[in-house]
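Work through the exercises below with the sequence and the model open. Each task is followed by a solution in steps.

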Amino acid sequence: MMMIKFTDQKIFIFLKTQLMKKQTLMKCCAIPLAGIILVSCAHVKEYQKSRINDSEMILANKKVEKNELNAQSYREGSSGANGGKTGGGCGCN
Amino acid sequence: MKKICLTVIGMYILMAHAFSQVSIKDTSTYKPKKLKLDEVNLVSSYYNQRADKSAVMGGTPGPKGIGDVTDFANGIDLKFISWDGKHRKNTLTGGIGIDYHTAASQAYVDSNGHARNNGTRIYPTLDWTIENEKKGTEFGIGAYYSAEHNYYHSKGLNTSFAKKTNNNGEFSVKLTGYFDNIKMIKPAEFEPVDSISNVSPTDSVVYVTTASGTTKALIYSNGGLISRGSKPKLPSQSRNTYTASFSFAQVINQRMQGSIDMDFVYQDGYLGLPFHRVFFNNGKDTIENLPSERFKFPIGFRLNYFLGDNIILRGYYRFYIDNWGLKSHTAELEVPVKITPFFSLSPFYRYYVQTAVNYFAAYEVHSPTDKYFTSNYALAAFKSNSFGMGLRLAPPKGVLIKSLSAIEIRYSHYTQTTDLVSDIISMNLKFR
């Protein structure tokens, strides 16, 4: 429990420092977030979801992309926020 | 390699055969249903990379093709579904993947390029979710294991919770832990001589640790080999990764939906790899040394829009920052075009840019007084571009046979400003 608390505190300090330094993160988050929230009021009924439920409209990576994402996580320094792995295994950063 | 190919072909035939026997019964009145195979996915990929720099060689610009890699990956997922007495949907997904790779740099874990340059990775997964459609909630747990012979073992556990909102939104949380064990296989020049051989004038045991990590005990008598003994254990180090993932997805209107994904990642333990060399500016070499903690914060946004009747725009953007000094931006646009309702082509383009970590320097640039150092170009500053095309075929009567409900094929060409070029072709066969 102590270790978790300690870890949380470190994460918080790191994020706070980064945010205060340049506020890049805020800009990157705020614009798309505001966009989604502002226009998210339209109520869509189940029978109106024929396009939303199309297999190409899925809000995730496709299964066929799985190994491509794995290769990217090996060759690039960043990973995550795409449903893929964020660590674990040899070579993954 | 031949065995893996034959196994994969065998799996494909088995799936086609198994589903061809399925009969559909009328289930108009509700009653609890036993676990039943619902879907099988087979994913195969072939990856080919050309590069002239490698972390094993400390980023040295020498031998041409030292960063070349090939990888033949195959995976199978089986999804079982059942309904319990409380009308809850239970989904059990089991999967296994097998990769066979060759890496030119792996041969240079020893000092003269004679080490083994190939390997196999096996990674089974098991996930269980329980969904209450009335309440709009879903709870899940999962386990993961990955092993590459002699190099590492990785175990993972996860738990997740999702809740639908009244306004076509869904919020989800996932907690994941990966617990790795990395074998300390150092380049041959860093193995102390005493650990490699222990020769006596008469009967003796010689421990031979090859550069690829295989350690054998050879028993000699009067200079001649008489038997192979037990295999001593290699030392290892641990690496842990803890991730808290948050996601919110929202239907915006009849044609548009979007999502936000955030991960908070904390890693501790041995975060480098013992066979990555670093050459100092005094000409001497050592192995990379990186801090034992890392915080990562990626945040991603997706926005999908159905334009007209045949075109879909799939947009993705990710911002990433960590405490090693690496920042990155990823932007991707995929445009699936429906040629017919059951056949689509999806061209895509991805742009990626990252800054270097604070501890990166090229070949013979680091000073011996540096505290942390690496010459792994995955942590260097670079830009990358990738583009390609996907194809999806999902006719209602199946592809060739009824049980093969969809085929997806995807090709991607990737270039990095570190002179790395790669191609990957993947195929997903979906059986229902």
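A residue counts as buried if 20 or more other C-beta atoms lie within 10 Å of its own. The model is predicted.

**Exercise 1. Describe the helices, strands and burial of chain A.**

Step 1. Count the elements: chain A has three helices and zero strands. Along the sequence this gives the pattern α-α-α.

Step 2. Apply the cut-off for burial. Of the 93 residues in chain A, 32% are buried.

**Exercise 2. Decide whether helix α3 of chain A is mostly covered or not, and find what covers it.**

Step 1. Helix α3(A) spans residues 66-75, and seven of its ten residues are buried, so the helix is mostly covered.

Step 2. List them: A:Lys66, A:Asn67, A:Glu68, A:Asn70, A:Gln72, A:Ser73 and A:Arg75.

Step 3. Look for the cover. It includes four elements of chain B, namely β1 (33-50), β2 (69-83), β21 (404-416) and β22 (420-431).

**Exercise 3. Characterise the contact between chains A and B.**

Step 1. Count the residues on each side: chain A gives 46 and chain B gives 72.

Step 2. Find the main contributor on the chain B side. Strand β12(B), residues 256-269, supplies the largest share, eleven residues.

Step 3. Sort the chain B side by residue class: 34 are nonpolar, 28 polar and ten charged.

**Exercise 4. Follow the pairing of strand β15 of chain B, and say why the strand is largely enclosed.**

Step 1. Strand β15(B) covers residues 293-307; because eleven of its 15 residues are buried, the rest of the structure largely encloses it.

Step 2. Take one partner strand. β12(B) pairs with β15(B) in the antiparallel sense over eleven bridges, and B:Gln257 stands opposite B:Asn304 of β15(B).

Step 3. Take another partner, β16(B), residues 311-322. Its pairing with β15(B) is also antiparallel, over twelve bridges. B:Tyr305 has B:Leu313 in β16(B) as its bridge partner.

Step 4. Inspect the hairpin of β15(B) and β16(B). Three residues lie between the strands, and B:Gly308 has a positive phi near 65°.

**Exercise 5. Which residues touch the most other members of the largest nonpolar core?**

Step 1. This core has 32 residues, and the ones sought are B:Val56, B:Val109, B:Val357, B:Tyr359, B:Phe360 and B:Leu379.

Step 2. Examine B:Val56, setting aside neighbours within four places in sequence. Its contacts are B:Ser105, B:Gln106, B:Tyr108, B:Val109, B:Phe275, B:His276 and B:Arg277.

Step 3. Look for a second core. A separate one has ten residues, including A:Ala81, B:Tyr266, B:Phe295 and B:Ile321.

Note on methods. Residues numbered from 1 in each chain as written. Chains lettered and ligands numbered in written order. Predicted model: local features only at pLDDT ≥ 70, side-chain atom pairs only at ≥ 80, totals over all residues. Helix = DSSP H or I, 4+ residues; strand = E, 2+ residues; numbered from the N terminus. Buried ≥ 20, exposed ≤ 12 C-beta atoms within 10 Å, placed from the backbone. Contact = placed C-beta atoms within 7 Å. Nonpolar A, V, L, I, M, F, W, Y, C, P; charged D, E, K, R; others polar. Core = buried A, V, L, I, M, F, W, Y, C linked by C-beta atoms within 7 Å. Pairing = 2+ DSSP bridges.
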